[in-house]
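Hi everyone, thanks for coming. I'll walk you through one structure today, so let me put it up on the screen.

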Amino acid sequence: PGVLDAFRPHPAGIPRTWVRALGAELALHVFSGNVPGVAVTSIIRSLLTKSAVIGKTASGEPLLPVLFARTLADIDPRLGDCLAILYWPGGSEEIEAAACEAADLVVVYGGEDAVRQLRGRIPPDTRVVVHGPRFSIGLVGRDALTEEGARHTALRVARATAIFDQQGCVSPHLVYAENGEVSVEEFARL
C-alpha cells in the first residue's frame, strides 16, 4: 500500500529501481443490476487506490451502492466525500458524455449494447475496464487436480459457479479441466 503514498523500492528487490502507483483521480463506475454486491466491490477497489468515485446505479439495483455510500460517509466523512452515487437513465447522452469526460478511468458493467453505447462517449485517452456480457469460462490445470488438492479445487469451482447463479462475468458458465492425478471425470463428480 505504501506505493500509493511515495516511491518505494521495487518489491522484487531490483537494485536502484523504485516504484509508485497512482490511482485514477476520478473513476466512473457504471453498474448493471444483475449481480448484487458487485457495485460495492468495484467502489472499494477504486477507493483503495485513492480514487474518487462516481457510481451510476443500475435501474434494477439502485439501493445497495447508495446504502454503502451512506454507511461509509457515516463512518468516515472524509472518505464519504470521495464518493457520489447517482442515477440517470442509461443512454442519457449528455449526462454520460459529461461523466465520461470528467473521469480518467471508466469501469463498465453490462451487456454488449450498453457497453458499446457507452464506449462511444468515452474519450480515447481514458482508461476503460469492461465487465461485459455475462459469459465466462473456468480453466483448471492438471496441477490443481492432485490427490490432495482436487477436492479443494472442486469446492472453489462450485462456489465460483454458484455464487451469482451464473448471472455475472465472475461466475463461470463452462469449466475446462485437464487430467491430472485425479481424472476430469472424478473431478466432475467431486
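What percentage of the 190 residues in the protein chain is buried? Buried residues come to 33% here. And before I go on, please keep in mind that this is a predicted model.

Okay, the overall picture. The protein chain has 7 helices and 9 strands. Its C-alpha atoms fill a box of roughly 55 × 50 × 35 Å along the principal axes. If you take the contacts with a separation of 6 or more, 60% of them join residues 24 or more positions apart.

Now look at helix α1, residues 38–48. Which of its residues are buried? The list is V38, A39, V40, S42, I43, S46 and L47. As for what covers those buried residues, the cover includes strands β3, β4, β5 and β6, along with helices α2 and α3. Just after α1 comes K50, and its phi is positive, near 65°.

α1 also takes us to a cavity. By the rule used here, there is 1 cavity of 30 Å³ or more, and the space in it is about 50 Å³. Both α1 and α2, which spans 64–75, put at least two residues each into its lining. Among the lining residues you'll find V38, A39, L64 and P65, and also F31, E61 and Y109.

F31 brings me to my favourite residue, K56, because... well, let me just show you. K56 sits in strand β4, residues 52–56. Which side chain of opposite charge is nearest to K56? That would be E96, at 5.6 Å, and K56 has no salt bridge even though it is buried. What the K56 side chain does reach is the backbone oxygen of W88, at 3.1 Å. Setting aside neighbours within four places in sequence, K56 is in contact with F31, as I hinted, and with H29 and V30. Its other contacts include the run L86, Y87, W88, P89 and G90, plus E96.

One last stop, P133. Where is it? In the loop between β7, residues 127–131, and β8, residues 137–140. P133 is partly exposed, with a relative accessible area of 43%. Compare that with I43 back in α1, which is buried. P133 and I43 are 90 residues apart in sequence, and C-alpha to C-alpha they are 20 Å apart in space.

That's my tour, and I'm happy to go back to any part of it.

Methods: Residues numbered from 1 in each chain as written. Predicted model: local features only at pLDDT ≥ 70, side-chain atom pairs only at ≥ 80, totals over all residues. Heavy atoms only, no water. Helix = DSSP H or I, 4+ residues; strand = E, 2+ residues; numbered from the N terminus. Buried < 20%, exposed > 50% of the residue type's maximum accessible area, 1.4 Å probe, protein only. Lys, Arg positive; Asp, Glu negative; His and termini not counted. Salt bridge = Lys/Arg side-chain N within 4 Å of Asp/Glu carboxyl O. Polar contact = N/O pair within 3.5 Å; in protein donor to acceptor, adjacent residues only side chain to side chain. Contact = heavy atoms within 4.5 Å. 1 Å grid on protein atoms, 1.4 Å probe; cavity = no way out; pocket = protein on both sides within 12 Å on 5 of 7 lines; lining within 4 Å. Points joined across faces, edges and corners; volume = space filled by probe spheres on them.
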